[in-house]
Amino acid sequence: MKLVNAFLKRYRSDRIFLAEWLLAIVTGLFVFISSSTWDLQSLTQWSVNFWHVLFDGGNIRNLYAYTAENIWNVHHTHMGSELMSVLPWSIWNLPLYFIEKTTGNPIVGSATMLAYSKFFLVIVSVVMLIFTKKLTMLITGDKTKSVWAMFLSASSMYLYISVCYSGQNEIFMICASVIAIYCLFKNKNGWFIFWSALAISIKPFFLLAYFAVLLLFEKNIFKLAFKSLLGLSGMILQKLLFYGAPGYAESMNSGPAQEMLREMFANNLTTAFGPISFLAVFLVLIYLYAYSRDFNKDSLKTEPQRAKKYVIYIICLVYMNYLMFSPFSFYRVDILVPFLFILMVQNERMVFYNGIFDFAMELSLLIKLILRGSILFQVRFVNKSLLQRVLGYTVKYNDEGKYMSVKNFIYNRNELYKYLQPMFSGIAFICGILLLVFNHPDEKYTLKVNGTRRCRALMWLRTLIILPFALLCVYIFTQAPNRIYG
């Protein structure tokens, strides 16, 4: 009975325990060691190419032309993104340059070196989580809530997919944006603009949220335009640096950044005006909403708690709008981290329902992303992973067989699953809306029954939802017939 009571006491506690942190770490570690995607390989090589052109050629402007030669035979021929998207990584990967230079062997052929490269993303994630805790403390003044925001971000499917699985560099932008908002809350406006400009120069998505935050506090149109231009300064400097550089224009036109911009404003509805994008429509509404709030440049000093809550809320509005109404790569769900979880932990009256909505949204999005055919949990990405090195063989990619991916494996069992995609999309969509509605900064709406109750078991399941799919991918890898040893 004492053991039962002790368990129940901990179960009902508001604390995050060491065992739960270990559960999150073990889940992330397995995803980390069982995947090595094309994006990770290309981004790693591009980050090392920086040193090749700097040390060997002495001219950084040759970066895009050198990368386009694809000497090291990575999947992506052109580096279709700006320098800052890989520069932080370049510093970490400097040892890999010396290894590649002295041995002549491509680093993308080594599971160990790719894992070393991907580990930097984990380090940046930890920095982001530290500032998540600091940011939440500034809003709530509550250490428990701050730790919860940190834990929910660390154990989210969004971060597992982006960092541990795909090895994407979006975490650089996210980390810089979190530091930017922290500086804003500390009334360090110059540093807020600096870190915002850095985030935008890495990936432009934060520009949408940055502009909305400016609209909350800056009502003077000319000052608003000037601060917006400052936010773009990092991006402009990069373009000036490589303007007319060999291969730069070709790389930008053929890379993923250009494709993302082409598809960003989807044709969601046909009108007499022509096709319209819901993203564009709702961005206008969000910006109008932000501008019309009763804040000014002194609000962070005169009414700090309410103003800070609105900043987090408006960022969540922008990012949720983007994910709902614009085509996105599977790993881009990470832009919700950590702002959505900072928003959730503020509302003590919605703890139980926030847990349900968040769990349902993460699980539904994960299944939808797998079923739609994203390059997620494909057996070819177990190749060149640390786990594959232990198993001792690679698998030849089979375009037709059930051993190609988790999606193919599922469809081979029953094709009915492909028709369930709208159901999972619908669940994720409505749960996202409910999270925004019931976590409004002014707490206009609430659900009165059991709202304050915490369901810890649901949190455990949430931490583990990615694990069955990662394990299934590895199982398929072990069953695939086309093995290559040596």
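**Asn439 and the cavities**

Asn439 is buried, with a relative accessible area of 3% (buried means under 20%, with a 1.4 Å probe and protein chains only). This is a predicted model, where local features need pLDDT of at least 70, side-chain atom pairs count only at pLDDT 80 or more, and totals for chains, interfaces and linings use all residues. Side-chain values use heavy atoms, leaving out hydrogens and water, and numbering runs from 1 along each chain as its sequence is written.

So where does Asn439 sit? Look in the loop between helix H24 (421–438) and helix H25 (456–464); helices here are DSSP runs of H or I, at least four residues, numbered from the N terminus. Its side chain reaches the backbone oxygen of Leu435 at 2.7 Å, and a polar contact of 2.8 Å joins the side chains of Asn439 and Asn354 (a polar contact is a pair of N or O atoms within 3.5 Å, one able to donate a hydrogen and the other to accept it; residues adjacent in sequence count only if both atoms are side-chain atoms).

Asn439 also helps line the largest cavity, along with Lys309, Leu343, Gln346, Asn347, His440, Pro441 and Glu443. A cavity is a set of points on a 1 Å grid over the protein atoms alone where a 1.4 Å probe fits but cannot get out, and lining residues have an atom within 4 Å of a point. About 50 Å³ of space lies in this one, the volume being the space filled by probe spheres set on the points, which are joined across faces, edges and corners.

The second largest cavity has a volume of about 40 Å³. Helix H7 (111–140) and helix H2 (18–33) each supply at least two residues of its lining, with H7 giving the largest share, four residues.

Conventions: Buried means under 20% relative accessible area, exposed over 50%, partly exposed in between (1.4 Å probe, protein chains only). On a 1 Å grid over the protein atoms alone, a cavity is a set of points where a 1.4 Å probe fits but cannot get out, and a pocket is an open set with protein on both sides within 12 Å along at least five of seven lines; lining residues have an atom within 4 Å of a point.
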